[in-house]
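Here is a walk through the strands of one protein chain. The model is a predicted one. Keep the structure open as you read.

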Amino acid sequence: MLVCPVCQNPLNQNGKNLSCEKSHSFDQAKQGYFNLLLNTAKNSQSPGDNAAMVKARQAFLDSGLYKSISDTVNQLVIEHLWQTESPQLLDLACGEGYYTQQLHYALDDHQIKHSLYGLDISKDAIKTAAKRDKSIHWIVANGFKAPFASNSLHCVLNMFNRVNAKTLHALCHENGKVIVASAAKYHLEQLKHAIYNTPKFEEFDMVGEMGNEFDHDVRHQLDFAIKLKPENTQALLGMTPHAWRSSPETQQQLLENPELELRVNVNIDCFTPKKLETVKVETETESKFAPEKKPATAEAKATQEPAETDTKDVNQNIWKSGG
Ligand SMILES: C[S@@+](CC[C@H](N)C(=O)[O-])C[C@H]1O[C@@H](n2cnc3c(N)ncnc32)[C@H](O)[C@@H]1O
Ligand SMILES: [Zn+2]
């Protein structure tokens, strides 16, 4: 259930308007989404992915090259939800909505009546997502202050974003699940070799990160090869910070390959919330989710190929690289 981002009272929908008992009111945008992002909850004029990144991500995901990631996630959700009546689901930091839409189709295919929310802090992302399907509830909001009643969501997806276990725990129903997709050790291996002098192959300890608030149910590790046509490579380069660190020459070489083979190595983890007495929700800004900004022009033109930097930086690629 949606709550008011100002006073946390329930929001009621009346036509194209959401309002709370304290008369805080939010109009639906003409594209069909609701903007529940307060100015105080953003640290820049237009936080989150910009229009170019959104377009690149959509072009790449719509190619279907990551469909098996989406299928695996959907299978897990359906296994968990088939007995839940009218489940409420959230795709947190959903970007342009590919995974959200695929989940919606899968739930429909299994005749699971549901309410599905796609939330992102980027207005460009949600505007694009809203064109996908009008029966999904698209929300612009800060994921760290996601405007949902406590413990109301039967399933929360977190696809290629950095996680905040306390926030996820506060959102998730006590019988709910959180499903997290993240880059495994050898994700985009060949791309890293092409871009970095000394690529590092490490993976974020997702189970450890979630361990205080969640029990780990199961991990599906996907490891498969995809073949990219130049237009797919172009799109991938537009959505991954690995590429933003590369020289124009390296990018050109990658684009000249008519069939670039890449290893996809992704962990999909399913978590159950622990019964904690009280979980304090952290009030962080969007900066923790936000993908790294593209480098300034001069940096982008640097011909020196970079080495991957420190461990922390590599770990952050889990969510920055966006799969
Ligand atoms: C790496 S992308 C992943 C998008 C999508 N989950 C996917 O896998 O295609 C990260 C997303 O997080 C969003 N984001 C960044 N900070 C956020 C925040 N504080 N709250 C909600 N979304 C945020 C960005 O706008 C972007 O769409
Ligand atoms: Zn209110």
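Start with the open sheet. Three strands form it, in the order β1-β2-β3, and their pairing is antiparallel. At the edges stand β1 (12-14) and β3 (25-27). Each has a single partner strand, so one side of each is left without a neighbour in the sheet. Direction ignored, neighbouring strands here are turned by 25 degrees against each other on average.

Look next at how β1 meets β2. Strand β2 covers residues 17-19, and three bridges join β1 to this strand. The two run antiparallel. For one bridge pair, find Q13: its partner in β2 is L18.

Now move along the chain to β7, residues 137-140. Which strands pair with β7? Strand β4 (residues 34-35) does, in the parallel sense, over two bridges. Within this region, F34 has I139 of β7 as its bridge partner. Strand β6 (residues 115-120) also pairs with β7 in the parallel sense, here over four bridges. Y117 stands opposite H137 in β7.

A helix belongs to this picture too. Helix α4 spans residues 123-130, and β6, α4 and β7 together make a β-α-β unit. The unit is right-handed.

Finally, consider the side chains of β7. In a regular strand, side chains alternate between the two faces of the sheet. Are the faces of β7 covered or open? Both are covered. H137 and I139 are buried on one side, and W138 and V140 are buried on the other. Two of these residues have appeared already: I139 as the bridge partner of F34, and H137 opposite Y117.

Definitions and conventions. Residues are numbered from 1 along each chain as its sequence is written. Chains are lettered from A and ligands numbered from 1 in the order in which they are written. This is a predicted model: local features need pLDDT of at least 70, side-chain atom pairs count only at pLDDT 80 or more; totals for chains, interfaces and linings use all residues. A residue is buried if 20 or more other C-beta atoms lie within 10 Å of its own, exposed if 12 or fewer, and partly exposed in between; C-beta atoms are placed from the backbone. Two strands pair if DSSP finds at least two bridges between them. A crossover is right-handed if, with the strands pointing away from the viewer, the path from the first strand over the helix to the second runs clockwise. Axes are lines fitted to C-alpha atoms, for helices over the stretch in contact, and angles run from 0 to 180 degrees between N-to-C directions.
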